Structures are given as C-alpha cells and as structure tokens.
Amino acid sequence: MPGAPPFFVLLSALAVSLGIFVPLTGVLVRFRANYNPKGLQLDSEGGATPHTGPVIKSYFAMFSRVRRLEGWSGLYKGLMPTAISTLFVSIIILLFVDTNQPRHGRYRAPEVGIIGTLLYSVGMLVISLPTAIITYRAITTPHKLPYFNLSAALQVLLTPTERKRPWILYMTPGLLAAELLHICLVVLFLGPIRRLLVPELSDPTSSPKSVSAFKLFVYMIFVCLTVVALAPLEVIATRLAIQRNHSSTGQDVEDNSIEEQFEYSSPDEDVIGLRHEGDPYIGLTDCAKRIIDEEGLTTLYRAWWITLLGGLGSTFA
C-alpha cells in the first residue's frame, strides 16, 4: 500500500496471515497432540481396557474432524494468543532489529553470523515460549474460551501453580531442551551449510540466476535429512507444551468450578484424545521413548511434510 504507515501495513499483513495460518496451525497442533496408544490401558482398578479415543491418521483427516465437530470457531481456537504474540514480536523486530536492507517483505533474523543468529533465535524463544504454551493449550482444550476475558481463559489453561509462579512454564520438563535442540540444528547445522553452498541466498542484492543449481540441490538434500530430527522434536515439543505443571508438594488444588462455567466445543464427542495428567512425561528423552513404546515410531513423524515444506521455504526466505 503506497504511502500507508508501516504500522497499518503490519496490521493488515497480520490480519491476512492470521486468517490463513491460525486454522492450519491449530489442526497441526491437534494432530500432533492426539494421544492414540496402540495397546491396552489400565483402568482405575488396574484392569486392562482398550483405548477408546479418536484415531486420526492424517493431517487432512484432523482438519475434517475439527471442522465437523467444532465448526469454524473451533478452527480459530488460539487466535487471540497467536495475534498478541505475533504483533508483539513483530513490533520488537521493527523497532530494534529490522534494517534498511530489503528482505522481500519478510521479517526474519538479521544476517549477523552464526553466533548472532543463535543469540537472536534464543532470545525470540525466551520471549515467545509462554505464549506458545498458552496457544497450544487453547487449541487443544475441549472448552470454548472467551476471546476478550484473559483472566478466565488463563484459569482454565494454567494450573494454580503456573498462575502463581508463571516462570515455571520455562521449567516444563523437556520443553526448553526440545526447542533449543531445534534451534541448534537449524542455526548451527543448516546455517553453515547454507552459507557454504548457497551464500547468494543470504544476499538480498544477488540475482537468483547466480545460484548454482547443483549446490542448491545438495543443500536441499541436507534440508530433507534434518527433517529426520526436526519433525520428532516438533511433535515432542507439542506434547510437552500442553502438559501442565502441578505443585511438587501435591497441594496444587484445581478449581473445577471454573472449567464448568465454559461450554464444551464438541459436547458429544472428543475432538482429540489427551494423555492423562497423572502420568506425565518427565523429560525430552522420556517423552520420545514413551511415544515410541505406546503409540509407535510413526507418531513422531506426524505431518513431517509440513516440517519439510517449512525448511524448503526458508531456503528462499
């Protein structure tokens, strides 16, 4: 929009991106969070019972299920925390990070070398991790949460311990480790390979014709190989983010009357199955091991192709 103020342009771009990506992200989070054990489960009396939760085998099947059971409002769960966090981070980038060099209309980490990019990425992680946790929980909660009543929504999404000590979100077992490993693989492994093979892609003044087709092909092979590690980390991070933190002393008393004030998005049928909070994952490796043992190795690669598309797309960012 010629002559439009930068903040108005930012808001317009934000509205369009949220309208498109919030439903797609919400389906992805649900698909990866859905707990579908392949064996028998133990009931309260120690007897073996078959799992009765929903079995969803693809991203598109999950999209159809959410649309059928919750409608369009269900597809836009997590809209408010996503909008707030995205706007906040975008403003920070505009004010303190963005440069005068063209970036093809995208806001991303500045080209400041490997260490600078690593510090930038870790800083963005520290800023965005709490809102990411809240967003994932807002997407996967069976309740309809108010858009403009933050206090009531947080009472449903956070435990009393998390509300009293919000910094405990950073200590969610294994979550920070999973996110840091993801960052290190991208920045410390793919970053140097990108600079070595296709440095022209990091130079906004270079012509696409100057990129070697062979080197670009080799780099894309490396991108594909990293999906083997990145996709499981994303599934694990999703599982750990929705796992709530309770008091270690056992005094974390939940006020169930709060949740009872909110209607269920799908009163007749659960959209997804969630793992019982009484038997939580205790860390990154424990989460990976339990997912493999209980649900199978393929669960770690749910929607792996989205991870691949993201990696290939970032090649030309």
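Across the structure, which is a predicted model, there are 13 salt bridges, and this tour begins with some of them before moving on to aromatic rings, to one residue in a loop, and to the protein as a whole.

**First stop: a salt bridge between distant parts of the chain**

Select Arg-65 and Glu-269, whose side chains meet in a salt bridge with 3.0 Å from N to O. Arg-65 belongs to helix H2, while Glu-269 is in the loop between helix H9 (256–260) and helix H10 (284–295), so the pair ties together parts of the protein that are 204 residues apart in sequence. Colouring by accessibility separates the two partners: Arg-65 is buried, with a relative accessible area of 12%, whereas Glu-269 has 34% relative accessibility and counts as partly exposed.

**Second stop: Glu-70 and Lys-77**

Now select Glu-70 together with Lys-77, and look for the salt bridge in which their side chains meet at 3.2 Å, N to O. Are these two residues buried or exposed? Both Glu-70 and Lys-77 are buried.

**Third stop: a network of charges**

Next, select Arg-275, Asp-279, Asp-286, Arg-290 and Glu-294 together, since these residues are linked in a network of salt bridges. Within this selection, look at Asp-279 and Arg-275, which form a salt bridge whose closest N and O atoms are 3.4 Å apart. Asp-279 is partly exposed at 39% relative accessibility, while Arg-275, at 17%, counts as buried because the cut-off for buried is under 20%.

Keep Arg-275 selected and add Tyr-281, because a second arrangement can be seen here: the charged end of Arg-275 sits over the ring of Tyr-281, at 4.5 Å from the ring centre. Another arginine to display with a ring is Arg-302, which lies over the face of Phe-31, 5.5 Å from the centre of that ring.

**Fourth stop: the aromatic rings**

Turn now to the aromatic side chains, of which the structure holds 4 pairs. One of them is formed by Tyr-59 and Phe-60, an edge-to-face pair with 5.5 Å from centre to centre and 90° between the planes. Although these two rings form a pair, Tyr-59 counts as buried at 7% relative accessibility, and Phe-60 counts as exposed at 56%.

Add Trp-305 to the selection and turn the view until its ring and that of Phe-60 can both be seen: their centres are 5.6 Å apart and their planes are at 10°, so this pair is stacked. The pair links distant parts of the chain, with Phe-60 in helix H2 (residues 59–75) and Trp-305 in helix H11 (residues 304–315), 245 residues apart. Trp-305 itself is partly exposed, with a relative accessible area of 29%. Taken together, Tyr-59, Phe-60 and Trp-305 form one aromatic cluster.

**Fifth stop: Asn-34 and what surrounds it**

Move next to Asn-34, which is found in the loop between helix H1 (6–33) and strand E1 (40–42). Its relative accessibility is 0%, and Asn-34 therefore counts as buried. Which residues does Asn-34 touch, not counting those up to four places away in sequence? Select Pro-54, Ile-56, Met-62, Arg-239, Ile-272, Gly-273, Glu-295 and Arg-302 to display them. Among them is Arg-302, the residue seen earlier over the face of Phe-31.

**Sixth stop: the annotated spans**

The unreviewed UniProt entry carries the annotation "transmembrane region" for residues 6–29, 75–97, 117–139, 167–193 and 213–237, and two of these spans can be selected in turn. Residues 117–139 are 100% helix and 0% strand, and the C-alpha atoms at the two ends lie 30 Å apart. In residues 167–193, the end C-alpha atoms lie 36 Å apart, and the span is 70% helix and 0% strand.

**Last stop: the whole protein**

Finally, clear the selection and show the protein in cartoon form, in which 11 helices and 2 strands make up its secondary structure. Followed along the sequence, these elements give the pattern α-β-β-α-α-α-α-α-α-α-α-α-α. Of the 317 residues, 43% count as buried. Among contacts between residues at least 6 apart in sequence, 77% join residues at least 24 apart. If you switch to a surface view, the protein exposes about 17,400 Å², of which carbon and sulfur atoms supply 66%.

Key. Residues are numbered from 1 along each chain as its sequence is written. This is a predicted model: local features need pLDDT of at least 70, side-chain atom pairs count only at pLDDT 80 or more; totals for chains, interfaces and linings use all residues. Side-chain values use heavy atoms; hydrogens and water are left out. Helices (H or I, at least four residues) and strands (E, at least two) are DSSP runs, numbered from the N terminus. Buried means under 20% relative accessible area, exposed over 50%, partly exposed in between (1.4 Å probe, protein chains only). Contact means heavy atoms within 4.5 Å. UniProt positions are given in the numbering used here, feature names are shortened, and annotations may be inferred rather than shown by experiment. Accessible areas come from the Shrake-Rupley method with a 1.4 Å probe; for residues, only the protein chains shown count as cover. Rings of Phe, Tyr and Trp (its six-membered ring) pair if their centres lie within 6.5 Å; planes under 30 degrees apart count as stacked, over 60 as edge-to-face and the rest as tilted. A charge sits over a ring if NZ of Lys or CZ of Arg is within 6 Å of the ring centre and within 35 degrees of the ring normal. A salt bridge is a side-chain nitrogen of Lys or Arg within 4 Å of a carboxyl oxygen of Asp or Glu.
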